[in-house]
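This briefing goes through selected features of the structure shown below, grouped by topic. It is meant to be read with the coordinates open.

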Amino acid sequence: MLATRGGQILAGGTDFFPALGDRAVRGDVVDISSVGELRGITFDSNYITIGGLTTWAEIIKAPFPRCFEGLKAAAREIGGIQIQNRGTIAGNLCNASPAADSVPPLLALDTEVELISRHGTRRMALADFIVGNRKTLRQPDEILSRILIPRKVENASSTFLKLGARRYLVISIVMVAAVIQNDEAHRVSAARVSVGSCSAVAIRLAELEQALIGSPLTKGLSSLVRPEHLRNLSPIADLRATSIYRKDAAFHLVQRALNICARGA
Amino acid sequence: MSTIAPMSATKIQLKFSLNNREVWVTSRPEERLSKVLREQLGLTGTKVGCDAGDCGACTVLLDHEPVCSCLVAIGQIENHSVTTVEGLKSRPPLFDRLQHSFLEHGAAQCGACTPGMLVSATALLEGSSSPSEAAVMDAIGGVLCRCTGYRKIIDAILDAASNSPRHKLTSDSAGSVGQRIVRLDGKKKVEGTEIFGADQIPPASLGLRVVRCPYDRAEFRLGDFADFLANHPGVESVFTWKDVPGEDCYGVIPRFADQPIFARSEARHRGEAVAALVGDPEVIEALDLSTFPVTWEELPAIKTIDEALADGAPLIHARRANNVLTGGRVLRGDVDKALAESDVVVADEFETGFVEHACIEPEAGFAVRIGDRIEIQACTQSPYMDRADIAKLLGIADEAVRIIPAAVGGGFGTKLDLSVQPFIALAAWRLKRPVRMVYSRVESMMATTKRHPARMRCRAGATKAGKLSALDFTADFNTGAYSSWGPTVAARVPVHASGPYFVPHYRAVTRAIHTNVVPAGAFRGFGVPQMAIAQEQLYDDLAIELGIDPLEFRILNALDDRTPTVTGQVMGEGVGIRACFEALRASWIASRAKTAAFNATTTGPIRRGVGVAGMWYGCGNTSLPNPSTVRIGLKPDGRIALHQGAVDIGQGSNTIVTQLCADAVRAPIDCFDLVSGDTSITPDCGKTSASRQTLVTGKAAYMAGTQLRAAVLKMAQASDEAVVAFGDSTLIIHDGAISRKCSLQDLPVDEYGYVITSEETFNPPTSALDENGQGNPYAVYGFGAHTAEISLDIELGTVKVLKVVAAHDVGRAINPTLIEGQIEGGVAQGLGMALMEEFFPGKGENLHDYLIPTAGDMPPVESILIEYPSPIGPLGAKGIGEQAVIPTAPAILNAIHNAIGIRIRRIPASPDRIRAAILASQANGVEHAR
């Protein structure tokens, strides 16, 4: 049906219905929510694979390794329990909101996504998949079927920090995710730090990550963060905050995320 | 992949398990589950607050997990199981305990969020028998409540989990005043059976939607309706201003009435109606309103007070010069001289934004024409005012209009103004068919009234000894495109701007200014909460400047029974403000010490602060009559009918008024049958606003009860001390040693069907204010003071309120549980106003951009009830509804100052504003150091 007539994809409905506003549903809708193949979490030697229809509630309960703590923390911050029970991981990615809570922690896990259509499947890095504010490389006849996380840094410490103006049901002003792996000498061997809600698409702070490699994983780690490490952020001003504030808050949250990872290491 | 389900406009049949029963429905597969439950299956216990997953009111269990039923397509649940609030009763004993606990704790106020709360709590407790407070907060974090402040809901869930012994819920003995009687309308709210505005659909009713202006100001031309109707089968009629039969000009204050149902050629604000489309409900709902034939020409709009007052600014209403709707002032003494002679003077400016009421229930109702009468059942706070305006709009007599108030899912002032009523009344009148309308959340936020943004400038002076000498206060309020309650705000604020203190020299001048934005109207406090944000911060600065503890400074200056107010009123008795402040002293001293110690030793980014603010608030209309009439009748079955016209919007007037009446009759609450505020059967108890219902309607009910008792005693020839047992067709009268029976069955009944009818009117005694605002504007004031303890993250600018202690002089606490509910709910709204709430017209017309506090934002609230009886209030009682909200925001802002030494002059004190203020202050500090 998608291939022949197109249509909007409906899964958890947590973005589909709110996007309607006052309007009724128009055009064709393709409900994929009961496609069992798109559900569930599997572990093989190279990847942990999350089916696109997997809900946040399922992710919170899943027996993931340590480096997924940030993703789980993000899942607990997505809407309320009602949303976590319905909202799907693929939906969050395909909706591609700059404030999508799952994107920074998934970027920090070097996530790849798989798209299927009747022409076959293709796979790409999540960082390549989301190309702009609510823009992805998904073709109208494609479904985001699986999220694949390489099993490279499973014992890394990880965290997710979300800044909003209230406790629950809040759209992020800024969020930061970090995954930090250390070697036997307790030095940083892998560092992935990402920031969301501060650019059209959440981004990794590659220069900071480079700067962290080899440093002792102690509280002093956060002192390595420099404002220029955040230069690729381009936050907007909106109802939630000014752009200056976002950049400033992102700096402090990155520091805090590193401290949390250091404490947990 | 055979299970991919294409959805299209055709309906399908499907079955699912609903509340343990298999049901079949026929529906378009993409229809929202919430809509099918409510409108096809008749289960209206599931409420719809936003249709966007932002409020959680529609929470149901889907295969045992809570979900928002507005986000589930009916086509997705074939062969799944759904449990709604109506189905929870099949899950005893847990649900019995939950319901009981909600009632006992007063966890349901208006009841619109209650089903969502109960369903969420059920899911939690079925999975975890002894959850922590944090787990309870997580479980209800996705359900918004605007009334309770969440704490009583959290307590109720924890209590239900603990399975502690249950208490009896009602009193069956006389003497109910002062007792924690469970709200009399509570059972319906915890069962989901309460009928709110959208919960009843008359058979064969038509749907109605309104075409609204998308610009702040626009000229428009309406096109050809004949073509439009021909192209849209199912749309029966289009109504515009040409169809209004009566005088097309309404408004809550008749002297200032200026609002038409539909704009004629120029729309004055975004969201103003230009036409109504009526027809088959399904067709109307699916209609793409952008196909309606109207052409817009956007015009330059006035959005701010400055633009409205600028030289040569276009007039929004030709007859209102300079765009000034009206003003108010109170003058006393010689303020300029007194300021010049003061030992210490502080001056500052403060600004607030639009605040949205965010009632969980969007406006809704239906109208039915019966012969030459029109009947409207809708949510409202003011049935008789609605009646007068609808009669005027339709050009018919007041008596030809019947207003049946539906249960109100939150009001807070916004449901004092007409919303759906003019549209449905006009359409039902014209078409002679029932017509129903339910505002969407977007429409509700776009088109209904807001709290007035205020710009306030003030100077205050004091003596070295710490006595207030003078206050000079000026405020402009952005009142939007129509008058609504602008005149009330302009008149009320100058009376209150002194705060509850003796200020010998005083000048307060206000204006309400028209702009091209949605009308600002009544919102809990009529401008006084904004005013208190300025005045209470300014007095804090005075105290700091003088080196006096801010609480002691307030105690030193507090009004008492003999000191005159700024309008020259001397209360004589019942002024409990000093007692409120003194009740806070012990916790204040402890908190200030703890906070100072924390800040002195911390090395992290968190600072703590404690702030205090006081409040006074006059109950009822300002120097205007506002009577309530209460009728009670002794029925032949020995029960007592109470015609209680004070609309209960969740605050508890159904219960409070009955308690007062029961005490006067000296009968147990159980003997009373409440008759609603239906204008065809119940006299006018005025509007539910201005914290007047306990005072005014409560007093009328007490007087009527006293009269009924006297009449019964006379009939029974019994003495004043006799005890009468009501509730049976034979009354039993114990008079000293003598007992006698009095059979009611054989006695004649009057026109109302009662053996004895008693009707009393109470109008609180006030006097007009003279040209300087001197006089007695209110018969009774309520007093109170809050302290707020906060933590503030100086790197992120975020604030967490840790604790609020709220002391209120309520005169006489008729029902402590309900009063605490008002206080906690007021604290939540004050917290929201201080820290997160601001509405920007045209932006964020939803509940994820417009933020109100969630369960996780509310601190514990300690309520201290002070009873300094008013000589006028019933048994001494005073109002509490608005009083509760006023001190919280300034107390939080003073706490912020205490934490970081910075005044936040523009609220809300959002993280970016606080952080910017910290950075600016650091930059200044560096400059000073250089």
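In chain B of this predicted model, five strands form an open sheet of mixed pairing, in the order 3-2-6-4-5. Strand 3 (21-27) and strand 5 (65-68) of chain B each have a single partner strand, so one side of each is left without a neighbour in the sheet. The points below take up this sheet and a second one, then a helix of chain B, the nonpolar core, the contact between the chains and a loop residue of chain A.

**The mixed sheet of chain B**
- Neighbouring strands of the sheet with the order 3-2-6-4-5 are turned against each other by 40° on average, with direction ignored.
- Helix 3 (residues 114-127) of chain B packs on this sheet, where it touches strand 4 (59-62) and strand 5 of chain B, and its direction makes about 35° with that of strand 4 of chain B.
- Within the sheet, strand 2 (residues 12-18) and strand 6 (residues 81-83) of chain B are paired in the parallel sense over 2 bridges, and Leu18(B) is found opposite Val82(B) of strand 6.

**The antiparallel sheet of chain B**
- An open sheet of 3 strands in chain B follows the order 10-8-12, and its pairing is antiparallel; its edges are formed by strand 10 (266-267) and strand 12 (294-298) of chain B, each of which pairs on one side only.
- Strand 8 (residues 218-222) of chain B is joined to strand 10 of chain B by 2 bridges, the two strands running antiparallel, and Ala218(B) has Ala267(B) in strand 10 as its bridge partner.

**The nonpolar core and helix 21 of chain B**
- The largest nonpolar core holds 397 residues, of which Val176(A), Ala250(A), Leu208(B), Ile424(B), Ala425(B), Cys661(B) and Ile892(B) touch the most other members; helix 8 (residues 243-264) of chain A contributes the largest share of this core, with 11 residues.
- Ile892(B) is among the buried residues of helix 21 of chain B and, leaving aside residues up to four places away in sequence, touches Gly611(B), Ala788(B), Ile790(B), Val801(B), Leu831(B), Ala834(B) and Leu835(B).
- Helix 21 (residues 888-900) of chain B reaches 19 Å from its first C-alpha to its last over 13 residues, close to the 18 Å expected at 1.5 Å a residue.
- This helix of chain B is mostly covered, with 11 of its 13 residues buried, and these buried residues pack against several elements of chain B, including helix 15 (528-546), strand 22 (606-618) and helix 20 (816-835).
- Just after helix 21 of chain B, Gly901(B) adopts a positive phi of about 70°.

**The contact between chains A and B**
- The contact draws 42 residues from chain A and 53 residues from chain B; on the side of chain A that touches chain B, strand 2 (29-31), helix 3 (81-86) and helix 8 of chain A each supply at least two residues.
- Helix 3 of chain A gives the most to that side, with 5 residues, and the residues of that side divide into 23 nonpolar, 11 polar and 8 charged.

**A buried loop residue of chain A**
- Ser197(A) lies in the loop between strand 12 (188-196) and strand 13 (203-204) of chain A, and counts as buried because 30 C-beta neighbours fall inside 10 Å.
- Ser197(A) and Ile173(A) are 24 residues apart in sequence but 6.1 Å apart in space, C-alpha to C-alpha; beyond four places in sequence, the residues that Ser197(A) touches include Ile173(A), Pro98(A), Val174(A) and Arg246(A).

Technical notes: Residues numbered from 1 in each chain as written. Chains lettered and ligands numbered in written order. Predicted model: local features only at pLDDT ≥ 70, side-chain atom pairs only at ≥ 80, totals over all residues. Pairing = 2+ DSSP bridges. Helix = DSSP H or I, 4+ residues; strand = E, 2+ residues; numbered from the N terminus. Core = buried A, V, L, I, M, F, W, Y, C linked by C-beta atoms within 7 Å. Buried ≥ 20, exposed ≤ 12 C-beta atoms within 10 Å, placed from the backbone. Contact = placed C-beta atoms within 7 Å. Expected span 1.5 Å × (residues − 1). Nonpolar A, V, L, I, M, F, W, Y, C, P; charged D, E, K, R; others polar. Axes fitted to C-alpha atoms, helices over the stretch in contact; angles between N-to-C directions.
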